[in-house]
Amino acid sequence: MSALQRLQALNIVLPPITASVAAYAPCVRAGGTLYVSGHLARRNGAVWPGRLGEDITLEEGRLAARSAAIDLLATLQHVTGNLDAIAQISKLNAMVASTTEFFEQHLVANGASELFAEIFPDKGPHARSAFGVVQLPLRACIEVDLVAELAPLAAV
Amino acid sequence: MSALQRLQALNIVLPPITASVAAYAPCVRAGGTLYVSGHLARRNGAVWPGRLGEDITLEEGRLAARSAAIDLLATLQHVTGNLDAIAQISKLNAMVASTTEFFEQHLVANGASELFAEIFPDKGPHARSAFGVVQLPLRACIEVDLVAELAPLAAV
Amino acid sequence: MSALQRLQALNIVLPPITASVAAYAPCVRAGGTLYVSGHLARRNGAVWPGRLGEDITLEEGRLAARSAAIDLLATLQHVTGNLDAIAQISKLNAMVASTTEFFEQHLVANGASELFAEIFPDKGPHARSAFGVVQLPLRACIEVDLVAELAPLAAV
């Protein structure tokens, strides 16, 4: 089963690539390594605002992290033309807009990590850091970036 | 036109390398990859203190990010001896000292990204993450780090 | 003297690897590069809670960063089977739970950097970023992640 078929089985439609809101690219390749920019959580096509511990529940936060992962997959699909050319997600960083009283950033980040595990079940887990930030661009509740590796023979 | 000539055309003089304030190096090479440490914004040779949303305006923040980018270029020049040996900036991270009410970290970070675009116009944009942190070393308003790639045949 | 002998000389016993608290791996290899997940500071086997500027002193913070470095070394030992297969620590990130009034994240991070310098004295310093975050998973006071490089001929 391909990664795209797994997305379809989950009823996930990859959104069109959104233009960067600033002077950078969504993804840059260096040899076989892909550096993917921070992607903000979105809901209904707009940035998903809020902070954990204030106006976003843990369950909403997990869904928000999942939404960022869907957009990351869209970027990876756009760059590779074939998600199966991804050998692995090497490292994921989850920046969670948080109050001082919220300390479950790791559980929020699971919303992204678990989607990658579902879409890339044979490629092993990724390394990860999750931490609470005071505020994110456009008041987003979560931002996720990652480093991925292309399969050695992938012609991208 | 070389990268150094572009700097000169912008009247930018690369500052001398400052010693790290702690037990680390400004830049480490791994194969063709350069990992560059977080560089703090500076003004008139001293750390530029403040937080966005409090005592630093957006325009000042952009200039502060640009100042960190100038110091990053100085480090890259020092390490390579030739900025044109840089194949690309792969990933840039902008940590912006922010209040909860400031949410334009991406616009602040553009102050760095746009300078790299001016100095390396043929090398494509970088991937990027920008987020708001509660405080930075020495009260700096902005810290920027990056990952760069050397040109394959660069003898550094 | 091997890295393990240096640990012994410092009376440091590497702890057993703790299971990840979420859907990720402690370390992922991509070619010769190791991406190591954020490790939380621990004291007496449990997460070391608190924030710098509030209920953690600078000296405690340094010890907390050192505790995270010990756990990072345990993960590297577990993954490589031989710490001497590590060619270098390329980049270290120190996320320090901080109030707005604490701005010595770099000195806290030295607790980790200096231990790596003691254990890997011949491998050069690492690049580093340190910044203040509003909160960390499980109220940890410090989280440290890193990127390391394997020696070219290391058979891991």
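Q: What makes Arg139(A) and Glu101(B) a salt bridge?
A: A salt bridge is a side-chain nitrogen of Lys or Arg within 4 Å of a carboxyl oxygen of Asp or Glu. In this predicted model, the closest N and O atoms of Arg139(A) and Glu101(B) are 3.5 Å apart, so the pair fits the rule. Across the interface of chain B and chain A the rule finds 2 salt bridges.

Q: How do you know that Asp145(A) and Lys91(B) form a salt bridge, and where do they lie?
A: Their N to O distance is 2.7 Å, so it falls within the 4 Å limit. The pair crosses between chains: Asp145(A) is in strand S7 (residues 142–150) of chain A, and Lys91(B) is in strand S5 of chain B. Strands here (E, at least two residues) and helices (H or I, at least four) are DSSP runs, numbered from the N terminus.

Q: Are Asp145(A) and Lys91(B) buried or exposed, and how do you know?
A: Buried means under 20% relative accessible area, exposed over 50%, and partly exposed in between (1.4 Å probe, protein chains only). Asp145(A) has 2% and Lys91(B) has 8%, so both count as buried.

Q: Why is Asp122(C) called exposed?
A: Its relative accessible area is 67%, which is over 50%, so the name applies. Its salt-bridge partner Arg6(C), with closest N and O atoms 3.9 Å away, counts as buried at 16%.

Q: What makes Gln105(A) buried?
A: Gln105(A) has 0% relative accessibility, so it is under the 20% limit. Contact means heavy atoms within 4.5 Å, and beyond its neighbours within four places in sequence, the residues in contact with Gln105(A) include Phe131(A) and Leu136(C).

Q: How do you know that chain B and chain A are related as by a three-fold rotation axis?
A: Copies are superposed by least squares on the C-alpha atoms of residues with pLDDT of at least 70 in both. Chain B can be laid on chain A with an RMSD of 0.0 Å by a turn of 120° and a shift of 0.0 Å along the axis. The two copies are thus related as by a three-fold rotation axis.

Q: How are the values and labels set?
A: Residues are numbered from 1 along each chain as its sequence is written, with chains lettered from A and ligands numbered from 1 in the order in which they are written. In this predicted model local features need pLDDT of at least 70, side-chain atom pairs count only at pLDDT 80 or more, and totals for chains, interfaces and linings use all residues, while side-chain values use heavy atoms, leaving out hydrogens and water.
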